[in-house]
Amino acid sequence: MERYKNLSGKSGVAAFENGEDNIIVQFKDGGKYLYNNAVTGAGHIVEMKKLAISGRGLNSYINRHVRKAYASKLN
């Protein structure tokens, strides 16, 4: 996993891993979630990957647009 840059300094996201049609997001509380095209939607995955790489806005985007639309919670 790649450490999230957290340029705002306020994000709840700690790390992420971009896959071909998915993104895994690990939050600072330790929760790790898989978001994918099938459940979350391809448009959301593209945007989440872009925000993850830029290091700004991913946590806010998840809270506003995808919330519980994750494919699975990982351990």
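How many of the residues of strand E3 are buried? The answer is 5 of its 6, so by the cut-off of under 20% relative accessible area E3 is mostly covered. This is a predicted model, and strand E3 is a good place to enter it.

Begin with the sheet. It is open and has 5 strands. Their order is E1-E2-E3-E4-E5, and the pairing is antiparallel. Strand E1 covers residues 2-3 and strand E5 covers residues 72-74. These two stand at the edges. Each has a single partner strand, so one side of each is left without a neighbour in the sheet.

Now walk across the sheet from E1. Strands E1 and E2 pair over 2 bridges, in the antiparallel sense. Here glutamate 2 stands opposite phenylalanine 16 of E2. Strand E2 spans residues 13-18. The next step is from E2 to E3. These strands run antiparallel, and 5 bridges join them. They form a hairpin, with 3 residues between them. Two pairs help to place the strands. Asparagine 18 stands opposite isoleucine 23 in E3. Valine 13 has phenylalanine 27 of E3 as its bridge partner.

Strand E3 itself holds residues 22-27, and strand E4 holds residues 32-36. Again 5 bridges join the two, and again they run antiparallel. Isoleucine 23, already met opposite asparagine 18, has tyrosine 35 as its bridge partner in E4. For isoleucine 24, the partner in E4 is leucine 34. E3 and E4 also form a hairpin, with 4 residues between the strands. In this hairpin, glycine 30 takes a positive phi near 100 degrees.

Next come the helices. Which strands does helix H2 lie across? H2, made of residues 42-54, lies across E2, E3 and E4. Its direction is at about 50 degrees to E3. Helix H3, residues 58-66, also lies across E2, E3 and E4. H3 runs at about 110 degrees to E3.

Helix H1 takes in residues 37-40, and threonine 40 belongs to it. Is threonine 40 buried or exposed? Its relative accessibility is 7%, so it counts as buried. The side chain of threonine 40 reaches the backbone oxygen of alanine 69 at 2.6 Å. Beyond its neighbours within four places in sequence, threonine 40 is in contact with Tyr35, Ile45, Met48, Val66, Ala69 and Tyr70. Tyr35 is the E4 residue that pairs with isoleucine 23.

Turn to the loop between E1 and E2. Glycine 12 is found there. With a relative accessible area of 23%, glycine 12 is partly exposed. Glycine 12 and phenylalanine 27 are 15 residues apart in sequence, but their C-alpha atoms are 5.5 Å apart in space. Leaving aside neighbours within four places in sequence, glycine 12 is in contact with Phe27, Lys28 and Asn59.

Asparagine 6 lies in this loop between E1 and E2 too. Its backbone deserves a look. Most residues other than glycine have a negative phi. Asparagine 6 has a positive phi of about 50 degrees, although it is not a glycine. Asparagine 6 is buried, because its relative accessible area of 14% falls under 20%.

Arginine 67 also has a positive phi, near 35 degrees, in a residue other than glycine. Arginine 67 sits in the loop between H3 and E5. Is it buried or exposed? Its relative accessible area is 52%, and arginine 67 is exposed.

Last comes the largest pocket. Its volume is about 200 Å³. Which residues line it? They are Phe27, Asp29, Tyr33, Tyr35, Ile62, Asn63, Arg67, Lys68 and Tyr70. E4 and H3 each supply at least two residues of this lining. Several names return here. Phe27 is the partner of valine 13 and a contact of glycine 12. Tyr35 pairs with isoleucine 23, and both Tyr35 and Tyr70 are in contact with threonine 40. Arg67 is the exposed residue from the loop between H3 and E5.

Conventions: Residues numbered from 1 in each chain as written. Predicted model: local features only at pLDDT ≥ 70, side-chain atom pairs only at ≥ 80, totals over all residues. Heavy atoms only, no water. Pairing = 2+ DSSP bridges. Contact = heavy atoms within 4.5 Å. Axes fitted to C-alpha atoms, helices over the stretch in contact; angles between N-to-C directions. Buried < 20%, exposed > 50% of the residue type's maximum accessible area, 1.4 Å probe, protein only. Polar contact = N/O pair within 3.5 Å; in protein donor to acceptor, adjacent residues only side chain to side chain. 1 Å grid on protein atoms, 1.4 Å probe; cavity = no way out; pocket = protein on both sides within 12 Å on 5 of 7 lines; lining within 4 Å. Points joined across faces, edges and corners; volume = space filled by probe spheres on them.
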